[in-house]
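Here is a short report on one protein model. Look over the sequence and the 3D view before reading on.

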Amino acid sequence: ARVLDVAVDALLRVLTHSFALLHLEINWLPGKSEAILRYRGHGAVQHREQWRQADGSMAIPVPGAGGASVTLVSVYKHLGTYVSLNNSGFGNTMHRTRSAMAAYSPIAQKVFASTYISSRHKLCFLHRSLIHISRCRRRG
């Protein structure tokens, strides 16, 4: 666990120094720059708890960043995919399901409410939609 603390400190120093050389600033606000940090082995809980803030959140002070800190999270969304501390795919599955339903719902409402679309075509649309949804669930 101590090795991880040293590595994180070194990484944060390299990041801030490298960005400063390029005259860039890192946005350390929650939701912008966050980290998933997993301690293992003897003393893991104590090492993780050292970053606990008064409000219950977890954050690591960034050396040389004027009091900024990087927020520790258990789930992180990067480029539309969820990554979690426990490697669970549940968050990602729920995100993708919600996205699919958000796309499907407006179309389905118009199809099934329309008096211009025959019942046969509505059933065909329903059948195709259910096949697609079941295939996606089997892959996930």
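Leaving aside its neighbours within four places in sequence, which residues is Leu12 in contact with? The list is Trp28, Ile60, Pro61, Val62, Pro63 and Val70. Keep in mind that the model is predicted.

**Overall layout**

The protein has 4 helices and 5 strands. Read from the N terminus, the order of elements is α-β-α-β-β-β-β-α-α. The protein has 140 residues, and 22% of them count as buried. Its accessible surface is about 10500 Å². Carbon and sulfur atoms hold 60% of that surface. Now take the contacts with a separation of 6 or more: 45% of them link residues 24 or more positions apart.

**The core**

Nonpolar side chains tend to be buried together in soluble globular proteins. Here, the largest nonpolar core has 13 residues. Leu12, Trp28, Leu37, Trp51, Ile60, Val70 and Leu72 have the most contacts inside it. Helix 1 (2-21), strand 2 (58-61) and strand 3 (69-72) each give two or more residues to this core. Three of the core residues just named have already appeared among the contacts of Leu12: Trp28, Ile60 and Val70.

**Along helix 1**

Thr16 also lies in helix 1. Is Thr16 buried or exposed? Thr16 counts as buried because its relative accessibility is 17%, and the cut-off for buried is under 20%. Beyond its neighbours within four places in sequence, Thr16 is in contact with Trp28, Val62, Pro63 and Ala65. Trp28, Val62 and Pro63 are also on the contact list of Leu12. The side chain of Thr16 also reaches back to the backbone oxygen of Arg13, at 3.1 Å.

Leu11 is in helix 1 too. Leu11 belongs to a nonpolar surface patch of about 560 Å². The other members are Leu15, Phe19, Leu21, Leu22 and Leu24.

**Salt bridges**

Side chains of opposite charge can pair when their charged atoms come close. How many salt bridges does the structure hold? There are 2, and the table sets them side by side.

| Pair | N to O distance | Relative accessible area |
|---|---|---|
| Arg13 and Asp9 | 2.9 Å | Arg13 47%, Asp9 30% |
| Arg52 and Glu49 | 2.9 Å | Arg52 39%, Glu49 36% |

Why are Arg13 and Asp9 separated by about one helical turn? The reason is their spacing: they are 4 residues apart in helix 1. Arg13 is partly exposed, and Asp9 is partly exposed as well. In the other pair, Arg52 is partly exposed. Glu49 also counts as partly exposed. Arg13 thus has two roles in this account: its side chain meets Asp9, and its backbone oxygen is reached by Thr16.

**A positive phi**

Most residues other than glycine have a negative phi. His23 has a positive phi of about 60 degrees, although it is not a glycine. Where is His23 found? His23 sits in the loop between helix 1 and strand 1 (34-35). His23 counts as exposed because its relative accessibility is 75%, and the cut-off for exposed is over 50%.

**Pulling it together**

Helix 1 takes part in several of these features. Helix 1 gives two or more residues to the largest nonpolar core. Helix 1 holds the Arg13 and Asp9 pair. Helix 1 is also the place of Leu11, one of the residues in the surface patch.

Terms used:
Residues numbered from 1 in each chain as written. Predicted model: local features only at pLDDT ≥ 70, side-chain atom pairs only at ≥ 80, totals over all residues. Heavy atoms only, no water. Core = buried A, V, L, I, M, F, W, Y, C linked by side-chain atoms within 4.5 Å. Buried < 20%, exposed > 50% of the residue type's maximum accessible area, 1.4 Å probe, protein only. Contact = heavy atoms within 4.5 Å. Patch = residues over 30% accessible without salt bridge, like charges linked within 9 Å, V, L, I, M, F, W, Y side chains within 5 Å. Areas by Shrake-Rupley, 256 points an atom, 1.4 Å probe, with all protein chains shown as cover. Salt bridge = Lys/Arg side-chain N within 4 Å of Asp/Glu carboxyl O. Polar contact = N/O pair within 3.5 Å; in protein donor to acceptor, adjacent residues only side chain to side chain.
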